[in-house]
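Visitor: I would like to learn how to read an interface and a DNA-binding surface. Could you walk me through one?

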Protein chains: 2
Amino acid sequence: MPKARSRVTYHHGDLGKALIDAALAIITEEQDAANVSLREVARRVGVSQAAPYRHFADKDALLAAVAEEGFQRLLNALQVDTGSDPDPLARLQASGVAYVKFAIAHPAHYRVMFSTFRVDQENNSSLNAAAGKAFAVMVDAISAGQAIGAIQPGNPRQLAWVTWSLVHGLALLLIDRQLPLVDEQDMLSLVTLATQSLVRGLQKPS
Amino acid sequence: MPKARSRVTYHHGDLGKALIDAALAIITEEQDAANVSLREVARRVGVSQAAPYRHFADKDALLAAVAEEGFQRLLNALQVDTGSDPDPLARLQASGVAYVKFAIAHPAHYRVMFSTFRVDQENNSSLNAAAGKAFAVMVDAISAGQAIGAIQPGNPRQLAWVTWSLVHGLALLLIDRQLPLVDEQDMLSLVTLATQSLVRGLQKPS
DNA sequence: GCGCCAAGTTAACGCTGTCAACTTTTTGTG
DNA sequence: CACAAAAAGTTGACAGCGTTAACTTGGCGC
């Protein structure tokens, strides 16, 4: 008897996807750490401890899939929140705020994303592509700013790395509770201060 | 027969210090990850697997001691490299460069520092104090800059958080190989660009 | 209808952090 | 100076982990 959803599935009905979802659910529930164990993921899905190895080479491969999903969601959040403001500087700042907001909203997922993502190994090319797309939002805003003469000249990718450093560092300091801020309003005003200051520093000296 | 150094030691001769040193040595050797195991630390020192528990409550407590040592060394590096330039803006930028340089020189130690440090729990007060002293270097430079009217007004701690975010994020992206940079000279020019841009953004609008 | 191979299971290995119970050494005090 | 108490270190065990080998099951292509 075929399952209701008889797509690519064999026995279970798309394990792999189910494993990613379960891992993400565990990560989301206990935002404390990345102490998610492969065996617990399997338990939650209802398969044996070794079943995941038919879909992922090892634990890192599963986490890489979770990370890729995270970068896709980050891209979506950036695109939605950055909007279509005609001012590239406003877009750049908005993308920075949206970036940190995403990290605050999904701290454990954000940690997995950046504990897995590496640029060197070319095997995880789909993960790299997903991360690159999210990063491109900032590059595009900076290029547009340079095109209208609002942002200082220079390699836009390099300037985007600077921007990324700021929001990445701020996001990590906040979600790892390394700044004495608990009130979300305080966090957001700090994010605003940070992104405003950086955008100012990237502007073309008049 | 007392040991050569019969200070506070009982049996071994200052285990605890030896454990911290061994842990730091392991971390330094394999800069790959924080996969340092308590048992391997004990093995290297030549004691049994349970001996560390007479000196540290658990593995995290040992890593916290390693982290504290790291923050002290970071403070030292910041003080040395920041120098005594009369221009607070130059000092601020120099401290940022020194910060990232430290992280690049000691990547695994830097990771342990920030995977252990949390502001909330008041029990690790010595760790917090060490981190606070390093952070104070940036706060002082910013306060000095405000005093001579070179830096925009505002809570200097908040402005220092912005600075810290930038250098922390840049340091992590670099040491975790999340930027496509391998040449150290390329890294350093990016660090310069980043710190220059931020300092510019923090300056008082004239 | 049937064989084959993907998908899933069981059992085991070596590793880990941690604890309880025990032994050894040092030290403070009557 | 003796000796008890406490500090420091050891052994052995437990549960959990990632991973692999050997096995079983079940659905699809011929």
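**Reading the contacts**

Guide: Gladly. Keep in mind that this is a predicted model. Let us begin with polar contacts: across the interface of chain A and chain B, 12 residue pairs are in polar contact, both residues being at pLDDT 80 or more.

Visitor: Which elements of chain A give two or more residues to the side that touches chain B?

Guide: They are α7 (156–175) and α8 (184–202) of chain A. Of these, α7(A) gives the most, with 13 residues. By type, this side of chain A divides into 20 nonpolar, 10 polar and 6 charged residues.

Visitor: How many salt bridges does the rule find across this interface?

Guide: A salt bridge needs a side-chain nitrogen of Lys or Arg within 4 Å of a carboxyl oxygen of Asp or Glu. Between chain A and chain B the rule finds 0.

Visitor: And how much area do chain A and chain B bury between them?

Guide: About 3100 Å², with 67% of it on carbon and sulfur atoms. On the chain A side, A:Trp161, A:Gln178 and A:Arg200 supply 19% of the area buried against chain B, more than any other three residues.

Visitor: Now the DNA. Which residues come nearest to DNA strand D?

Guide: Of the 24 residues around the strand, these are A:Arg39, A:Arg43, B:His12, B:Ser48 and B:His55. Sugar and phosphate make up 51% of the strand D atoms within 4 Å of the protein.

Visitor: What do the side chains of A:Arg39 and A:Arg43 approach?

Guide: An N or O atom in the A:Arg39 side chain is 2.4 Å from a base nitrogen of DNA strand D, whereas for A:Arg43 the partner is a phosphate oxygen, at 2.7 Å. From chain B, the B:Gln49 side chain has an N or O atom 2.8 Å from a base oxygen of the strand.

Note on methods: Residues are numbered from 1 along each chain as its sequence is written. Chains are lettered from A and ligands numbered from 1 in the order in which they are written. This is a predicted model: local features need pLDDT of at least 70, side-chain atom pairs count only at pLDDT 80 or more; totals for chains, interfaces and linings use all residues. Side-chain values use heavy atoms; hydrogens and water are left out. Buried area is the accessible area (1.4 Å probe) that two parts lose on being put together, summed over both. A polar contact is a pair of N or O atoms within 3.5 Å; within protein, one must be able to donate a hydrogen and the other to accept it, and residues adjacent in sequence count only if both atoms are side-chain atoms. Helices (H or I, at least four residues) and strands (E, at least two) are DSSP runs, numbered from the N terminus. Ala, Val, Leu, Ile, Met, Phe, Trp, Tyr, Cys and Pro count as nonpolar, Asp, Glu, Lys and Arg as charged, and the others, Gly among them, as polar. A residue is near a molecule or strand if one of its heavy atoms lies within 4 Å of it.
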